[in-house]
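User: Please take a close look at one part of this model, a single lysine and its surroundings, and then set it beside the charged and aromatic pairs found elsewhere in the chain.

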Amino acid sequence: MFYHSKKLQYFKPPEKPDAVYAMKIQELIGGTFGEMTVMMQYLFQGWNCRGPAKYRDMLLDVGTEEIGHIEMLATMIAHLLDKAPLEVQEEGVRDAVVGAVMGGTNPRDVIMNAAMNPQHAIVSGLGAMPADSVGFPWNGRFIVASGNLLADFRSNLHAESQGRLQAVRLYEMTDDPGVKDTLSFMIARDTMHQNLWLAAIEDLEQSGLETTPVPSSFPLELEKREFAYQFWNHSEGNESAEGRWAKGRSMDGKGEFQYVANPQAVGPEPQPPQPPEQLHGTPQNRQAQQGNGSSAPPLVERIG
């Protein structure tokens, strides 16, 4: 059961409308690393959690908090779009377009940078949308919920790192005190969440339930251990040899890093199978194709 409080977690309204900035804020709602992504990611991880109850409870706590962040941003967009219809924005860029033409700049770029998102007027009636800053709809494929908590917590740390980076960039793109104040709160929560996932990773590993490499339940003897800790230098230069990943004890404590300056192929040259006649591909020669097709079962049987 979810319960909604009518009060926002935190909010300071903008001092003036800004339809252009409203379009940019959409990235924090429906972008790849936006609040919709982390909300759904944490909730699905929590709902699917089979591990200790503390992890499930924590995931659902944070996922539910993220619902509130979306409400804050949607409210901010509504304020930014208030009294800022499309005609006002078009009027505001008219002189800039003339200047762009005279100066040799593509006027289309000026219009796209200065005009509001027309869908804010046409589709949402001056409201927020489940989409990013260029109007691409939010996609459920953005989320990660694998059932392996260590893999998931690492994905969560990644998402919060990218999300905080984008929020900080948007903070630098405005001089509105209200917007900056609200973003400052959200940036602080992103700081907490980055620390949360680092703590959760440490807690999970110390519990012995999961360790590196993920999945830790796969027997190490089933992988080719001679290749498990080699760094292969696949580009000109050897500056990469100076990194922590090239020497010393491996991060999982189960091996020693080895730097391979000139890696060599250990597999054969590929010899692709010849296509059957029924697919009408181009073979190495027709004799090989006919030999392949004559003894093969009918194509319908193989596809079916």
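Analyst: Leaving aside residues up to four places away in sequence, K180 touches Y171, T174 and D175. This is a predicted model, and the distances that follow are to be read as computed from it. K180 has its place in helix α9, and the C-alpha atom of K180 is separated by 8.8 Å from that of L170, ten residues apart from it along the chain.

Two of the three contacts can be described in further detail. With regard to Y171, K180 lies over the face of the ring, at 3.7 Å from the ring centre. With regard to T174, the side chain of K180 reaches the backbone oxygen of that residue at 3.2 Å. K180 has a relative accessible area of 21% and is therefore classed as partly exposed, since the buried class is kept for values under 20%.

The residue that follows K180 in the numbering, D181, takes part in a salt bridge with K12, in which the closest N and O atoms are 3.6 Å apart. This pair links distant parts of the chain, because K12 belongs to the segment before α1 (19–30) whereas D181 belongs to helix α9 (residues 177–207), and the two are 169 residues apart. Both partners are partly exposed, K12 with a relative accessible area of 39% and D181 with 26% relative accessibility.

By the rule applied here, within 4 Å between a side-chain nitrogen of Lys or Arg and a carboxyl oxygen of Asp or Glu, the count comes to six salt bridges. Among them is the one between the side chains of E223 and R225, which meet at 2.8 Å, N to O. E223 is partly exposed, with a relative accessible area of 27%, and R225 likewise counts as partly exposed, at 28% relative accessibility. Another joins the side chains of R249 and E256 at 3.4 Å, N to O, where R249 counts as partly exposed at 42% relative accessibility and E256 counts as partly exposed at 45%.

The aromatic side chains give a second set of links, and the structure holds eight aromatic pairs. One of these is formed by Y10 and F185, whose rings are stacked, at 4.8 Å centre to centre and with 5° between the planes. Since Y10 lies in the segment before α1 and F185 in helix α9, the pair ties together parts that are 175 residues apart in sequence. The segment before α1 is thus linked to helix α9 by this ring pair and also by the salt bridge between K12 and D181. Y10 itself counts as partly exposed, at 27% relative accessibility.

A further stacked pair is formed by F231 and Y259, with 5.8 Å centre to centre and 10° between the planes. Here F231 lies in strand β1 (residues 230–232) and Y259 in strand β2 (residues 258–260), so the pair ties together parts that are 28 residues apart in sequence. F231 is partly exposed, with a relative accessible area of 25%. Elsewhere, ring pairs link Y42, Y55, F153 and W197 into a cluster.

To return to the starting point, K180 in helix α9 combines a position over the face of Y171 with a side-chain reach to the backbone oxygen of T174.

How values were computed. Residues numbered from 1 in each chain as written. Predicted model: local features only at pLDDT ≥ 70, side-chain atom pairs only at ≥ 80, totals over all residues. Heavy atoms only, no water. Helix = DSSP H or I, 4+ residues; strand = E, 2+ residues; numbered from the N terminus. Buried < 20%, exposed > 50% of the residue type's maximum accessible area, 1.4 Å probe, protein only. Phe/Tyr/Trp six-rings, centres within 6.5 Å; stacked < 30°, edge-to-face > 60°. Lys NZ or Arg CZ within 6 Å of the ring centre and 35° of its normal. Contact = heavy atoms within 4.5 Å. Polar contact = N/O pair within 3.5 Å; in protein donor to acceptor, adjacent residues only side chain to side chain.
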